[in-house]
Structure formats: structure tokens, C-alpha cells
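Please open the model in your viewer and keep the sequence panel beside it. The tour below moves from one selection to the next and says what is found at each stop.

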Amino acid sequence: MKTRKELRKLKSILKKVKQKEEEVSKLSDNQLAALTSQFKRRYQEGETLDDLLPEAFAAMAVADERILGKHPYDVQIMAGIALHLGFLAEMSTGEGKTLSATMPLYLNALTGKSCVLVTTNEYLAIRDGKEMGEVYEFMGLSCSYPPANADEEDNEKRKIRYSADIIYSTNTGLGFDYLFNNLVKKADDRFLCDLYYVIIDEADAVLLDMAIMPLVISGVPRVQSNLYALCDFFVTALVQDIDYIEEEQAVWLTPKGVEFAENFFGIPNFYGKEYFEINRHVTLALRAHVLLKRNKDYVVTDENEVELVDAGTGRLMHGVKLRGGQHQAIESKEKVEITQEFRTVASITYQNLFLMFEKMAGMSGTILDAKDELFDTYHKKVVRIPTNRPVIRDDRKDLYYKNAQTQFWSAVAKVLEVHKTGQPVLIVLNSVQDTDLFSKLLLQENVPHNVLNANNAFWEAEIISGAGQLNAVTVATSMAGRGTDIKLGEGVRELGGLAVIGVGRMDNTRNERQARGRSGRQGDPGFSQYFVSLEDDVVNSEDNEKLEKIIDGKRRITKHRLKKIINGAQKIKTEYSEISRKQAVQYDEVLKRQRSFIYEARDGLLDGGTLAETQLIEIARRNIHEFVKENDCSDRSVLTRYILDNVSYTIDEGLTTLRLDDKEAIERYLVSRVRRGLGSQRMKFQDRDKYEQFIREATLKALDDGWVELIDYLEQLKYAVSGRASAQRNIIYEYQNEAYESYLDNEKTVKRNIIRNILLSEVSINKKGNLNVIYP
């Protein structure tokens with residue numbers, strides 16, 4: 001195994017921890033807690049965290065036992081060491097990831113910098129934050145976790161939460177807080193801690209499964225487009241394989257389809273920049289009709305509203321909409337009322353969010369399978385931590401079926417067989433629809449059971465924790481109750497432990513391993529078995545007619561061929577998901593540098609930075625030079641319009657006597673108008689600080705407005721370029737090329753608006769001394 005070298009290192013450090021633990025265990029509670037201040041002092045005096053690790057881990061291990069009644073196993077200490085060293089640790093289900101994290105979090109918090117543990121849902125963050133918080137507080141460190149009702153948390157409360165030494169959070173909560181923190185208008189409203197050290201629980205779910213879609217904050221509504229209905233009608237007239245091609249969850253127009261579009265809309269170049277909106281809306285409509293399926297990707301509710309279905313959990317995603325107009329395109333397809341489309345004001349991928357941390361680590365029960373992708377994307381190695389006790393679970397061979405009817409009834413028969421013995425059974429399926437169907441089949445057989453659809457993590461955790469009790473039958477999606485151990489009830493071990501029945505080939509082997517891992521924790525007995533068929537969602541053959549004949553029994557197939565088709569489909573799905581994640585990173589790379597520059601510039605302004613008058617004049621000089629170069633200034637009305645729109649609401653005599661054939665004279669005149677305008681605005685302020693505050697706020701507004709325009713355009717551009725995926729067009733290259741041009745154009749716009757905001761704003765100071773500005 002490639003991790004042997006790493007394991008030897010972990011065992012070597014573990015030995016030192018165990019030696020120190022003998023000394024630390026003899027200390028009183030007060031002496032143990034006092035070690036924290038000693039460790040902090042030693043760190044400040046020059047010792048490294050690696051130097052302190054054996055003693056700090058030993059102290060935390062003893063504290064865990066005294067406060068929580070749980071002493072970390074040797075393998076948990078090894079996992080903690082791996083997390084401190086920045087590895088992604090694979091720990092089997094039930095091996096105690098939560099306790100393992102206490103040691104590296106404690107050690108890294110000795111720096112005085114905030115340390116964050118990120119997990120997949122609020123239930124886990126609150127549960128672990130409350131429980132583990134007791135031991136941190138005993139050792140003199142503060143700990144925080146999300147409030148039960150996040151809507152009641154304002155920036156001041158967030159500031160308190162993020163000022164804790166150790167912070168438990170969710171991946172979505174942290175991501176959106178990062179974006180919101182960079183949208184504040186005042187320095188005092190910022191609340192986020194420095195991004196120093198993060199441990200990601202359920203790391204494969206967060207870093208891979210959830211990383212395809214970026215986090216997006218929507219803001220002001222855009223003007224509603226009238227192109228949705230027209231483009232929807234156009235798409236219904238297209239013919240597959242003649243006008244468009246569908247392949248691996250992508251769809252694009254053929255040359256004939258492009259020609260048809262140009263004739264239909266009466267335009268000379270479908271891909272011309274001036275026809276961007278037509279291109280975008282056609283692509284959205286094409287995706288809505290071809291790629292996005294009703295009752296699989298979304299549903300239409302009784303209220304005639306389109307609601308998305310979470311592919312991972314199968315649950316409805318209330319209030320969540322696809323971006324860039326895709327949701328509105330589906331609504332047009334389904335002939336329901338088209339909802340308001342909103343501008344994107346902030347966006348980031350999980351990949352780039354977590355790469356901003358100085359130190360990053362993660363843990364999961366199923367992460368080794370994706371080690372290559374994780375190294376390529378996050379530059380992190382995966383190490384598999386040995387189990388505390390040998391795994392004796394019996395992972396039986398998969399059973400393959402031609403159709404879903406035989407597959408489901410065979411699985412039901414197996415459940416009945418096991419249930420008669422009293423042995424608990426956990427049935428894991430891919431979607432809410434499948435859990436509902438399986439539940440109905442069990443009801444026909446009079447089998448009492450619980451159904452978990454990943455709708456409510458709080459009560460599901462309570463139910464699934466009891467799934468190992470005598471006679472229990474639990475039907476669940478793969479994500480339901482994740483993070484909660486299933487412990488065996490009295491007498492269950494003797495019956496063979498927990499039986500896991502998987503129904504349906506999942507999107508990847510990691511999800512299947514995670515489901516199997518629900519059984520056999522800490523050396524418990526148990527077995528797992530999967531029932532799969534050609535009608536599983538993951539199976540997607542190009543020759544659907546041939547596949548249908550096999551499913552209907554009209555065409556014979558060998559068991560080997562059946563297995564090859566089903567497993568091959570899963571492999572293709574896994575590869576496609578990896579490509580999609582890489583594509584998401586490539587898209588966001590375009591924004592990454594600009595986002596970093598913009599956020600740094602915002603922070604500088606919020607922290608009191610400003611632009612000197614010489615800098616403002618230089619910006620104005622460049623703006624004017626670009627204007628004179630690109631416009632026919634021999635027309636006096638062009639100059640008049642420029643002055644009224646950018647410099648002043650008045651025209652002076654200088655313009656009437658200006659020589660319009662002398663471009664340098666025009667530039668000098670316009671710069672002089674800018675100087676006079678700056679002087680006029682400056683005279684309105686008796687307080688120099690207030691004037692600088694005005695300059696800061698005017699600059700910040702121009703920066704923010706330009707940034708929103710840029711990222712909103714780029715969000716739409718993703719969908720537009722996705723329609724160009726033919727052999728002749730590289731969509732990433734086209735996106736990057738057009739995005740760079742947009743960035744340059746946007747930079748010019750921001751600089752124009754900085755000067756415009758300063759010169760044309762109406763400024764006043766109220767009785768309380770507060771600055772009031774009405775921007776142009």
C-alpha cells in the first residue's frame with residue numbers, strides 16, 4: 001500500500017504521545033487545564049506545533065477521558081496526527097472521527113488563530129460542537145457552533161461565533177459566510193475569522209460530491225427577458241442528431257442546428273457577441289428539454305412551481321433555483337409562471353474556498369478511491385488509518401438483474417428472510433422515489449419499518465441510531481443519517497449483526513462503501529449485499545433500444561455481459577462527475593485571481609485606505625485618453641454628452657472655444673474640468689476625514705457595481721459557451737478568452753465609475769455628522 005511510509009511516521013509519533021500520556025495522566029484537573037497556557041507560552045517563545053504535539057495530544061487524550069468518558073484509541077490518535085500533518089484520513093465508519101479531531105484542533109488552536117471543523121449538516125455541527133465543546137472549555141479554549149435558527153443571527157453574533165478558538169460549522173454555512181463577509185459596506189460589519197486551519201468531516205462528500213456546483217449569492221433582480229418563450233418554441237422544432245447532439249450530459253447544436261437558428265432568429269452569426277442573449281437562451285432551453293428531466297431533476301408542484309430534486313439525497317430543495325436563467329428555462333418548458341431571475345453578486349467553489357486555508361485536512365470513511373483526484377485538485381495525500389478492531393463484516397457479491405421489478409422483489413424477499421430471524425436490516429436506495437416504492441412493497445408484506453429520506457438530519461439521526469436494534473427495519477437514502485453510528489442492540493450480535501441491503505447501483509463506489517460501512521463497526525458482525533439492474537438510474541446506454549429489449553426479456557444476455565453493462569455505466573458516471581468537478585474549477589479559476597484582487601482592494605478601503613488626488617487625476621487622464629481615442633470628438637455634441645455623463649452637470653465657455661481637431665487640447669481641457677470638479681467637491685467638506693470617507697465609499701461602490709456586473713455576466717457565459725461543445729470548439733478556452741476580455745472591459749468601467757461617482761454625486765452632512773451621498 002502506498003500509505004505504508006506515512007503510517008510508519010504516524011506510529012512513530014504515536015509512540016511519543018503514549019510516553020507523554022503516562023506523565024500527563026498523573027496530573028490533577030487543575031494542573032491538566034493549566035498546560036494550555038504553558039503550551040501557548042512555549043509556542044510564542046519559538047517551539048513549533050510539531051514540537052508540542054506529543055504533550056498536547058497526550059493532554060487532550062487525558063482530558064477527553066476525564067470530561068467525555070472517552071479515551072481515544074491508538075488509531076484515533078494516529079488519525080489526529082494525520083489531520084495535523086495535513087492528510088486526508090480514511091477512517092472506517094464507527095472508528096470515532098469526532099473524537100480524533102479534538103486533538104489536532106486543540107494543538108492548532110494554541111497558535112491563537114481560529115480552527116474550524118466543517119461537516120455536512122447543522123445537526124452534526126451542533127451535536128459535535130456541544131459535546132466536544134465541554135472538553136475544549138475545560139482546557140481553557142472557547143468553542144462555538146451554529147445557532148439552531150440561523151436566520152436570527154446578525155453580524156455581531158457571527159463575529160462572536162467566529163472569534164472562538166475552535167469553530168464547528170457546515171460547509172455551506174462557512175462558504176456563504178465567506179461571501180457575505182466580503183459584501184459588507186463597513187469595516188465593523190466584517191465577522192469572519194482568518195482562514196488558518198480547517199478539518200473537513202465527511203471530506204469526500206464535501207470536497208467531491210458537493211463540489212460540482214459553486215456557492216452563489218443572488219442579489220438584485222434583472223430585467224425579465226422575453227426570450228424564454230420564443231427560444232423554448234424554437235427548441236421544440238429541433239431534431240436530435242440532425243440539429244443537436246446529446247452526449248455525456250452535454251448538448252449542443254450541430255452546424256445544421258446553428259444554421260436553422262440563424263434563419264429562425266434572422267441573425268447572421270449565432271455566436272456573435274451582439275447575439276449573446278439569443279445564444280444563451282437557446283442553450284438554456286435546449287438543456288431544459290434534453291438534459292433536465294421532470295420527476296428526476298425537478299418536479300412541478302401542485303402550486304405549479306418548479307422545485308429541484310437533490311441528486312444526492314432525493315429530497316426537494318425548497319427555495320433553491322438553478323442559476324443563469326436555467327430555472328426560468330425549465331419553467332418556460334413546463335408552461336408555468338416564469339419567476340424572477342436575479343443577478344449573481346458573489347460566487348465561489350468549494351475547491352477554491354478550502355484552498356484559501358493555510359492548513360487543510362479531512363476525514364471520511366470512503367475517500368481512498370478518489371485519492372488521485374484529491375491530490376490533483378487539493379494537493380493532499382490520502383492515508384488509510386487501520387481499524388481499532390478487525391472488520392469481520394461479510395460483503396457479499398452483488399446480484400444483477402435485467403429489470404427493476406425482479407430486482408426490487410428479490411431484495412424484498414431477502415429482507416423478509418433476514419427479518420424473520422430478528423436480525424436488523426438497513427435498506428439503502430438512491431432516491432426518495434425508490435424509498436417510497438420499497439416502503440410500499442414492505443407494507444404489502446406487513447413488515448413494520450422506518451423510512452428516512454434525508455429530509456431532517458436532526459430526527460433522522462435519532463431514528464438511524466436505533467437501526468441496529470432487534471427486529472428493526474429501516475429504509476433510507478444513502479445520505480440519510482450520515483455521521484451517526486448504528487450501534488447493535490442486545491442480542492443482535494448473536495444473530496449476525498446489522499444487515500445492509502443496497503438496492504440500485506449508486507453513482508460511485510464510494511457511496512456504496514459508505515452504505516456497507518454502516519454495518520460491522522468496531523469489529524461487530526454483519527453483512528452487506530447489493531441488488532442492481534439495468535433500470536438503475538446510473539445505467540445510461542447509448543443504444544437504448546437494445547437495452548429495452550433486454551429489460552423486456554426480448555433479448556438474451558449473459559450474466560457477465562449484464563455485470564459489465566451495469567458496472568461500466570457506474571464507471572462512466574464517476575468519470576463524468578470528475579470531469580464536471582474539474583470543469584467547475586477551471587471556470588472558477590478565471591474568477592479566482594480577480595476575486596482575490598477585488599476582495600483585497602475592498603479590505604484596503606474598509607480599513608481606511610483611500611485614493612490620493614494624484615491617483616484620481618491619473619485614473620481620469622486614462623479614462624479621457626481612451627474616450628478621445630475611441631470616439632469622433634470633432635462632433636461637439638459627443639464631448640458635451642461625455643461631460644454631462646461623467647464630469648459635470650454644467651457646460652462652460654471653454655468647450656465652445658475648444659479646437660476639435662487637436663486631440664491633446666481636448667484631453668487637457670477635460671482633465672482640467674476633472675481637477676475643478678474634484679476641488680468643488682472637496683470644498684463641501686470642512687472635515688478632511690469626511691472627504692476621504694466620501695472618496696472611499698464612492699470608490700467602493702464603483703468596485704462593487706463593476707464586480708457584480710462581471711460575475712453575473714460570467715455566470716451567464718458558462719451556459720452560453722456550453723452550447724458550443726462541438727469538435728471545433730473548446731468551451732473552456734472560449735470561456736477563458738471571453739472572460740478575460742470582459743475583465744478588461746469591466747476594469748475600464750470601474751475606473752470610469754470611480755471618477756463619475758466622485759464628481760457627479762450629491763453630497764451632504766446631516767446634523768448628526770453622518771455622510772449622505774446620492775450617487776449618479
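Begin by selecting residues 88-90, strand E1, together with residues 359-364, strand E13: in this predicted model the two strands pair in the parallel sense over three bridges. Within that pair, Leu 88 stands opposite Gly 362 in E13.

Now add helix H4, residues 74-84, which packs on the sheet and touches E1, E13, E14 and strand E5 (197-201); the direction of H4 makes about 145 degrees with that of E13. Helix H6, residues 122-138, also packs on the sheet, where it touches E3, strand E2 (115-119) and strand E4 (166-170), and its direction makes about 170 degrees with that of E4.

With these helices in place, widen the selection to the sheet itself, an open one formed by seven strands in the order E3-E4-E2-E5-E13-E1-E14, with parallel pairing. Which strands stand at the edges? They are E3 (143-144) and E14 (382-384), and because each has a single partner strand, one side of each is left without a neighbour in the sheet.

Next, select Leu 374, whose contacts beyond four places in sequence are Leu 88, Leu 207, Leu 208, Ile 367, His 379, Lys 380 and Val 382. Leu 374 is also among the residues that touch the most other members of the largest nonpolar core, which has 96 residues; Leu 207, Phe 354, Leu 639, Leu 670, Val 674 and Phe 694 share that description. Colouring helix H27, residues 688-722, will show the element that gives the most to this core, with 16 residues. A second core, separate from this one, has 56 residues and includes Leu 35, Phe 87, Tyr 136 and Phe 138.

Stay with H27 and display the side chains of Arg 688 and Glu 692, which form a salt bridge whose closest N and O atoms are 3.6 Å apart. Both residues lie in H27, four residues apart, about one turn of the helix, and Glu 692 is partly exposed at a relative accessible area of 25%. Elsewhere, salt bridges that share partners join Glu 90, Asp 369, Arg 384 and Arg 513 into one network, and a search of the whole structure finds 49 salt bridges.

For another pair within one helix, select Glu 156 and Lys 159 in helix H7 (residues 155-162), three residues apart, about one turn of the helix. Their salt bridge brings the closest N and O atoms to 3.5 Å apart; Glu 156 is partly exposed, with a relative accessible area of 46%, and Lys 159 is likewise partly exposed, at 28%.

Is the pair Arg 505 and Glu 512 buried or exposed? Arg 505 counts as buried at 2% relative accessibility, and Glu 512 counts as buried at 6%, since buried means under 20% relative accessible area. The two form a salt bridge, with their closest N and O atoms 2.8 Å apart.

Finish at Ser 519, which is found in the loop between helix H20 (509-516) and strand E21 (526-533). Although it belongs to a loop, Ser 519 is buried, with a relative accessible area of 1%. To see what surrounds this residue, show Arg 393, Leu 498, Val 500, Pro 525, Gly 526 and Phe 527, the residues in contact with Ser 519 once its neighbours within four places in sequence are left aside.

How values were computed. Residues are numbered from 1 along each chain as its sequence is written. This is a predicted model: local features need pLDDT of at least 70, side-chain atom pairs count only at pLDDT 80 or more; totals for chains, interfaces and linings use all residues. Side-chain values use heavy atoms; hydrogens and water are left out. A nonpolar core is a set of buried Ala, Val, Leu, Ile, Met, Phe, Trp, Tyr and Cys residues joined through side-chain atoms within 4.5 Å. Buried means under 20% relative accessible area, exposed over 50%, partly exposed in between (1.4 Å probe, protein chains only). Contact means heavy atoms within 4.5 Å. Two strands pair if DSSP finds at least two bridges between them. Axes are lines fitted to C-alpha atoms, for helices over the stretch in contact, and angles run from 0 to 180 degrees between N-to-C directions. A salt bridge is a side-chain nitrogen of Lys or Arg within 4 Å of a carboxyl oxygen of Asp or Glu.
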